[in-house]
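Subject: Structure for you to look at

Hi,

Here is the structure I promised to pass on. Have a look at it first, and then read my notes below.

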Amino acid sequence: SVADLMRYADTAMYQAKGNGRKQAVFYEASMSALVEYKQSMQNQLHQALREQQFVVYFQPQVDKLGTIYGFEALIRWQHPERGLVTPNEFIPILESSGLIIPVSDWLIDYCCQQILDWQRSCFWQENWHIAINISPLQFYQEQFVETLADKISIAGLAGSCICIEITETVAIKNIAFTSARLAEIKALGMSVALDDFGTGYSSLSYLKDLPIDILKIDRCFINELSHKNKDKSIVEAIIAMAKVLELTVICEGVETDLQVNIASNCGSEYFQGYYYSRPVSAVKLVSSYSKVLT
Ligand code: C2E
Ligand code: CA
Ligand code: CA
């Protein structure tokens with residue numbers, strides 16, 4: 001029918017846009033399955049937000065000895081049938097549907113409440129932060145900085161409790177805008193981390209121009225660190241450059257003693273990875289660290 005034809009054409013167009021536009025795509029039945037999957041996920045994600053099925057895990061960021069520097073907040077979806085769903089599976093759908101905005105609003109409020117809880121129970125230390133991942137859609141939203149300011153002011157928290165993580169892809173989309181926006185975020189007292197560094201453009205000029213505090217070296221360089229390989233030279237070079245720019249470096253995804261030692265010999269002071277702790281619930285985090293802290 002005409003209606004079917006239009007629907008299929010729409011599906012093919014959707015695919016072409018998803019592939020980066022400027023191309024012709026012919027409809028195939030498998031595309032419908034994908035569209036239906038995304039539509040169904042989107043409906044379920046709406047429900048997840050309404051029914052508070054999202055949970056936040058925290059992964060410590062530490063120095064070599066394991067002393068806490070901060071935590072990264074990582075969202076999970078406690079699906080009623082599927083169990084815990086990882087963010088890579090649903091963040092792209094939250095992003096493409098715009099749902100990332102309300103979900104992230106919820107997450108920022110949740111993190112503020114968590115800090116207040118930890119302050120009340122004396123677990124929280126003055127110099128810690130919670131790092132929050134900010135998606136492109138959010139970062140470029142008109143109200144973004146105002147929302148951040150409102151949230152910390154309502155919670156009565158100092159801006160320094162929060163670190164904002166953006167990726168290179170977000171940063172380079174519009175350097176002038178990013179630079180101005182980051183300056184506003186920093187004026188709130190928050191710190192800014194550049195996430196997954198090395199996987200994107202890794203341009204020296206924007207590193208110089210952007211007001212960032214922390215550089216997170218992507219896991220892919222840490223994965224295969226050994227004493228005599230190119231990854232080690234790359235990590236060493238990134239850290240040397242970061243030091244010149246007075247940036248703090250966090251090596252992401254450290255899993256072994258060897259990786260920590262090599263990264264540390266390269267000059268890295270902070271680490272995040274399974275070697276120290278997997279992302280865990282707040283309850284689990286407190287129970288494992290309270291022992292260490294007392
Ligand atoms: P990311 O920001 O790069 O976060 C680090 C990811 O690496 C996390 O995956 C973490 O569990 C994983 N990881 C940490 N240490 C290790 C390690 O030693 N080995 C290995 N193999 N993996 C390690 P996760 O939690 O699955 O999150 C994946 C991505 O989803 C995040 O990557 C981030 O881009 C996104 N994400 C997570 N939570 C949020 C959120 O609240 N908002 C937004 N916009 N994105 C989020
Ligand atoms: Ca991150
Ligand atoms: Ca990362």
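What follows is a short tour of the ligand site, the pocket and the cavity.

One thing to keep in mind: this is a predicted model.

Let's start with ligand 1. It has 22 residues around it, and the closest are Arg76, Asp195, Arg219, Glu255 and Tyr274. Three of those make polar contacts through their side chains. Glu255 has a polar side-chain atom 2.5 Å from a nitrogen of ligand 1. Arg219 puts a polar side-chain atom 3.0 Å from one of the ligand's oxygen atoms, and for Asp195 a side-chain N or O atom is 3.0 Å from an oxygen of ligand 1. As for cover, ligand 1 on its own would expose 800 Å², and the protein buries 84% of that.

Which elements build the shell? Those that give two or more residues to it are strand E2 (68-79), helix H3 (87-97), helix H4 (100-120) and strand E6 (191-197). E2 makes the largest contribution to the shell, with four residues. Sorted by class, the residues around ligand 1 are nine nonpolar, six polar and seven charged.

Now the pocket. Ligand 1 occupies the largest pocket, which has a volume of about 1200 Å³. Its lining is made of 38 residues, and those nearest the centre of the pocket are Glu72, Leu74, Pro87, Asn88 and Asn133. At least two lining residues come from each of E2, H3, H4, helix H5 (136-139), strand E5 (162-167) and E6. Which element gives the most to this lining? That would be H3, with six residues, whereas for the shell around ligand 1 the largest share comes from E2. The pocket lining splits into 17 nonpolar, eleven polar and ten charged residues.

Then there is the enclosed space. How many cavities of 30 Å³ or more does a search of the whole structure find? One, with a volume of about 40 Å³. Its lining consists of Ile101, Asp105, Ile108, Gln138, Gln141, Phe144 and Thr147. H4 provides the largest share here, three residues, and helix H6 (144-155) also supplies at least two. The class count for this cavity lining is three nonpolar, three polar and one charged.

If you want one element to follow on screen, try H4. This helix gives two or more residues to the shell around ligand 1, does likewise for the lining of the largest pocket, and supplies the largest share of the cavity lining.

Have a click around and tell me what you think.

Cheers

Methods. Residues are numbered from 1 along each chain as its sequence is written. Chains are lettered from A and ligands numbered from 1 in the order in which they are written. This is a predicted model: local features need pLDDT of at least 70, side-chain atom pairs count only at pLDDT 80 or more; totals for chains, interfaces and linings use all residues. Side-chain values use heavy atoms; hydrogens and water are left out. A residue is near a molecule or strand if one of its heavy atoms lies within 4 Å of it. A polar contact is a pair of N or O atoms within 3.5 Å; within protein, one must be able to donate a hydrogen and the other to accept it, and residues adjacent in sequence count only if both atoms are side-chain atoms. Accessible areas come from the Shrake-Rupley method with a 1.4 Å probe; for residues, only the protein chains shown count as cover. On a 1 Å grid over the protein atoms alone, a cavity is a set of points where a 1.4 Å probe fits but cannot get out, and a pocket is an open set with protein on both sides within 12 Å along at least five of seven lines; lining residues have an atom within 4 Å of a point. A molecule sits in a cavity or pocket if more than half of its atoms lie within 2 Å of its grid points. Ala, Val, Leu, Ile, Met, Phe, Trp, Tyr, Cys and Pro count as nonpolar, Asp, Glu, Lys and Arg as charged, and the others, Gly among them, as polar. Grid points are joined across faces, edges and corners, and a volume is the space filled by probe spheres set on the points.
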